[in-house]
Amino acid sequence: MSIIEAIILGIVQGLTEFLPVSSSGHLQLAKALLGVEIEENLLFDCTLHAATVLSTIVILWPEIKRLIMGLFSRTFNDEQAYIIKLIISMIPIAIVGFTLKDYLNAMLSSPYILTIVGAMLLLTAVLLTFAYYARPRNKESISYRDATIIGVAQAVAAMPGLSRSGSTIATGIILGNEKSQVAQFSFLMVLAPILGEMLLNIAKGEVVFSSIGTAPLLAGFIASFVVGCLACKFMLGIVRRGKLVWFAVYCAIVGVISIICNFI
């Protein structure tokens, strides 16, 4: 993989991370269009996800700072409760990461990856459609129960093509939570798992000694971070205010095209 190809893939990741259209699915489609074959798909994808996580921290820093300040309060408060809910939501994806990492990496290298991505994009479209017609119940905050269920949705979204943000936001809305609350929770709950995975890879030396090469990894990371910073603020607003049904239509169209392309 060349540096230019890594930059293009980084741009794709940065643009699609914050919309419920599956950044991982679009990454696989972009790899197919570019003719890029990577032995360590999961490492490269995780590197790009880490970059967009950092861009999320930049954009949502006021909220993150508020949570950090509240964490050190001597009395139990809303911020501490929110952090506990975030931690609960991260447990399912941590379990999937430790137990199914090799399986997921093998899936990304499968000759049928476009069919898998297409099928999961169609599933994303179904979830977003259900969420569009769901009626919020005016809950004041996301409950511990809802945080657990949303966390399970994030774990299932480890499947390539199944949108993480789409799955978590749709699940939260179907459970009766307000869209803007769910959107913010969705973007915050991915911070620790992705950064943790990246730090683990660095500790193991997998980034430095990767067959991909340090230069393409760094180029993809920078491209994903820069584009993510530019896009996050605008795309977060679109997710909060936009009609999810249009994202559902888009996912359905791309899903069908992906499946057809696998058999051409």
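So, going from the N terminus, the elements of the protein chain run α-α-α-α-α-α-α-α-α-α-α-α. That's twelve helices and zero strands. Keep in mind that this is a predicted model.

A few overall numbers before we zoom in. The protein chain has 264 residues, and 52% of them are buried. Its accessible surface is about 12600 Å², with carbon and sulfur atoms contributing 71% of that. Then there's the contact pattern. Take the contacts in the chain with a separation of 6 or more: 81% of those are between residues 24 or more positions apart.

Okay, helix α2, residues 23-34. Does the length work out, and what should twelve residues span at 1.5 Å a residue? The expected figure is 16 Å, and the end C-alpha atoms of α2 are 16 Å apart, so the two agree.

How much of α2 is buried? Nine of its twelve residues are, so the helix is largely enclosed by the rest of the structure. If you want to click through them, the buried ones are Ser23, Ser24, Gly25, His26, Leu27, Gln28, Leu29, Ala30 and Lys31. You'll notice that a lysine and a histidine are on that list.

Now look at the two ends of α2. At the N-terminal end, serine 22 is the cap, with a side-chain oxygen 2.8 Å from the backbone nitrogen of glycine 25. Just after the helix, there's glycine 35, which takes a positive phi of about 70°.

While we're at the start of α2, let's use serine 23 to jump along the chain. Serine 23 and arginine 164 are 141 residues apart in sequence, yet their C-alpha atoms are separated by 8.3 Å. Arginine 164 sits in helix α8, residues 164-174.

Is arginine 164 buried or exposed? Its relative accessible area is 14%, which is under the 20% cut-off, so it counts as buried. What does it touch, once you leave aside neighbours within four places in sequence? The contacts are Glu17, Gln154, Ala157, Ser186, Phe187, Met189 and Val190. With one of these, glutamine 154, there's a side-chain to side-chain polar contact at 3.0 Å.

Next, helix α6, residues 113-133. This one has 21 residues and reaches 31 Å from first C-alpha to last, close to the 30 Å you'd expect at 1.5 Å a residue. Its buried residues are Ile113, Leu114, Val117, Gly118, Met120, Leu121, Thr124, Ala125, Leu128 and Ala131. What covers them? The cover includes α2, α5 (78-108), α8 and α12 (244-261). So we meet α2 and α8 again here, both as part of the cover over α6.

Last topic, charges. As a reminder, side chains of opposite charge can pair when their charged atoms come close. A search of the whole structure finds four salt bridges.

Let's take aspartate 146, in helix α7, residues 144-156. At 0% relative accessibility, aspartate 146 counts as buried. One salt bridge goes to lysine 139, with the closest N and O atoms 2.7 Å apart. Another goes to arginine 145, at 2.9 Å from N to O. The partners look like this: lysine 139 is partly exposed at 24%, while arginine 145 is exposed at 53%. Beyond its neighbours within four places in sequence, aspartate 146 is in contact with Lys139, Leu175 and Asn177.

Salt bridges that share partners also join Glu63, Arg66 and Glu79 into one network. Within that network, glutamate 63 and arginine 66 have their closest N and O atoms 2.4 Å apart. Where do those two sit relative to each other? They're three residues apart in helix α4, residues 61-71, so about one helical turn separates them. The general rule is that an α-helix has 3.6 residues a turn, so residues three or four places apart point the same way. As for accessibility, glutamate 63 is buried at 15%, whereas arginine 66 is partly exposed at 37%.

If you open the model afterwards, I'd start with aspartate 146, buried at 0% and paired with lysine 139 and arginine 145.

Definitions and conventions: Residues are numbered from 1 along each chain as its sequence is written. This is a predicted model: local features need pLDDT of at least 70, side-chain atom pairs count only at pLDDT 80 or more; totals for chains, interfaces and linings use all residues. Side-chain values use heavy atoms; hydrogens and water are left out. Helices (H or I, at least four residues) and strands (E, at least two) are DSSP runs, numbered from the N terminus. The expected span of a helix is 1.5 Å times one less than its number of residues. Buried means under 20% relative accessible area, exposed over 50%, partly exposed in between (1.4 Å probe, protein chains only). A polar contact is a pair of N or O atoms within 3.5 Å; within protein, one must be able to donate a hydrogen and the other to accept it, and residues adjacent in sequence count only if both atoms are side-chain atoms. Contact means heavy atoms within 4.5 Å. Accessible areas come from the Shrake-Rupley method with a 1.4 Å probe; for residues, only the protein chains shown count as cover. A salt bridge is a side-chain nitrogen of Lys or Arg within 4 Å of a carboxyl oxygen of Asp or Glu.
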